[in-house]
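Work through the exercises below with the sequence and the model at hand. Try each task before reading its solution.

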Amino acid sequence: MNGVNFHLKEEIRDYWSKRSETFDLAFGHKIAPGPEADAWQKPIHAALGSQPKCVLELACGTGEVTRLIHDLGHDVTALDFSEAMLAVARKKHAGKSRLRFLLADAEQTMEPGEAYDAIVCRHLVWTLTRPEEALKEWFRLLKPGGRLVIFDGDWAKPKPSGRLARLLISLIDRCIGPDQNYDGALSSRHARIMDALPFGSDLRSAELIPLLSTAGFAAVQLQSHGPIARAQRKNTNLRNKLRTFVYRRFILTCTRP
């Protein structure tokens, strides 16, 4: 790892560690039980199937997606490189069997090869400092026939139809004050990190799919994030409903042959 990326990784780790204290209060991170949890869980279940599997969750954060995978009956290793995030997740899932937490770097896990039936990650790919190498690492970790499930989006700029939603959010902020728990792409530190990342200016499924193929993955499938967004809008305020329209989000699944 060169000095530039080392510095950037430390900046990323420190940023997310500080956010761990209020992360579950921020819209889009906490997953509400009911329709929203069901919407997140559905593509995971579709990709992994009903039989119990050994699953690696990368960048688990406070353990929200961890719960969804674990509730499906899988053995889960939940990995994050922020000890502060893992502390929250460990407390949230204390006493559960079939679950271990691992302090490690998602881009270089140090886990044995062909150890997992599936890998799941949410909002991780945009933070990768070396995406091509990370995807090769994930390929190495999967058993033949193993599945990779990616939830992510282009967080750098609003999609054309999302510009109005962002404008309305800014008007709400002016009227009632900003949401103190939401730290989006306009915050100065978040923006500085994004500027230094390979995907910081743009992450689209059309760019990621060829990288997955180059890493060796096959049967790459793009799925709509729409059902999750619709579920998120069911029980939240107007400002958060508008947030679901701002950015282009997607789900990708693929297989190690």
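The exercises that follow concern a predicted model.

**Exercise 1. Find where glutamate 57 sits, and determine which side chain it makes a polar contact with.**

Solution.
- Step 1: Locate the residue. Glutamate 57 belongs to strand β1, which covers residues 54-58.
- Step 2: Look for a charged partner. Glutamate 57 is buried and has no salt bridge. The nearest side chain of opposite charge is that of arginine 122, 6.4 Å away. A salt bridge requires the nitrogen and the oxygen to lie within 4 Å.
- Step 3: Look for a polar partner. The side chain of threonine 66 makes a polar contact with that of glutamate 57, at 2.4 Å.
- Step 4: List the surroundings. Beyond four places in sequence, glutamate 57 touches residues including Val65, Thr66, Ile69, Val76 and Val120.

**Exercise 2. Decide whether helix α3 is largely enclosed or not, and say what its buried residues pack against.**

Solution.
- Step 1: Count. Helix α3 spans residues 64-71, and six of its eight residues are buried, so the rest of the structure largely encloses it.
- Step 2: Name the buried residues. They are Glu64, Val65, Thr66, Leu68, Ile69 and His70.
- Step 3: Find the packing partners. The buried residues of α3 pack against the helices α2 (35-48) and α4 (83-92), and against the strands β1, β2 (75-80), β3 (99-103) and β4.
- Step 4: Check what comes next. Glycine 73, just after α3, has a positive phi of about 100 degrees.

**Exercise 3. Glutamate 64 and lysine 30 meet in a salt bridge. Classify each of the two as buried, partly exposed or exposed.**

Solution.
- Step 1: Read the distance. The N to O distance between the two side chains is 3.6 Å.
- Step 2: Place the partners. The pair links distant parts of the chain, since glutamate 64 lies in helix α3 and lysine 30 in the loop between α1 (3-19) and α2, 34 residues apart.
- Step 3: Apply the cut-off. Buried means under 20% relative accessible area. Glutamate 64 has 1% relative accessibility, so it counts as buried. Lysine 30 has 37%, so it counts as partly exposed.

**Exercise 4. Which residue forms a salt bridge with lysine 157?**

Solution.
- Step 1: Identify the partner. Lysine 157 is bridged to aspartate 202, with the closest N and O atoms 3.7 Å apart.
- Step 2: Place both ends. Lysine 157 is in the loop between β5 (142-154) and α6, while aspartate 202 is in the loop between α7 (188-196) and α8 (205-215). The two are 45 residues apart.
- Step 3: Compare with the cut-off. Aspartate 202 has 18% relative accessibility, so it counts as buried. Lysine 157 has a relative accessible area of 33% and is partly exposed.
- Step 4: Look for another bridge. Aspartate 202 also meets arginine 204 in a salt bridge, at 3.3 Å from N to O. Arginine 204 is partly exposed at 32%.

**Exercise 5. Is valine 125 buried or exposed, and is leucine 164 buried or exposed?**

Solution.
- Step 1: Valine 125 lies in the loop between β4 (116-122) and α5 (131-141). Its relative accessibility is 1%, so it counts as buried.
- Step 2: Outside its neighbours within four places in sequence, valine 125 contacts Trp138, Ile150, Asp152, Phe199, Leu203 and Leu208.
- Step 3: Leucine 164 is found in helix α6, residues 163-176. It has a relative accessible area of 54%, so it is exposed.
- Step 4: Leu164, Leu167, Leu168 and Leu171 make a nonpolar surface patch of about 350 Å².

Note on methods:
Residues numbered from 1 in each chain as written. Predicted model: local features only at pLDDT ≥ 70, side-chain atom pairs only at ≥ 80, totals over all residues. Heavy atoms only, no water. Helix = DSSP H or I, 4+ residues; strand = E, 2+ residues; numbered from the N terminus. Buried < 20%, exposed > 50% of the residue type's maximum accessible area, 1.4 Å probe, protein only. Lys, Arg positive; Asp, Glu negative; His and termini not counted. Polar contact = N/O pair within 3.5 Å; in protein donor to acceptor, adjacent residues only side chain to side chain. Contact = heavy atoms within 4.5 Å. Patch = residues over 30% accessible without salt bridge, like charges linked within 9 Å, V, L, I, M, F, W, Y side chains within 5 Å. Areas by Shrake-Rupley, 256 points an atom, 1.4 Å probe, with all protein chains shown as cover.
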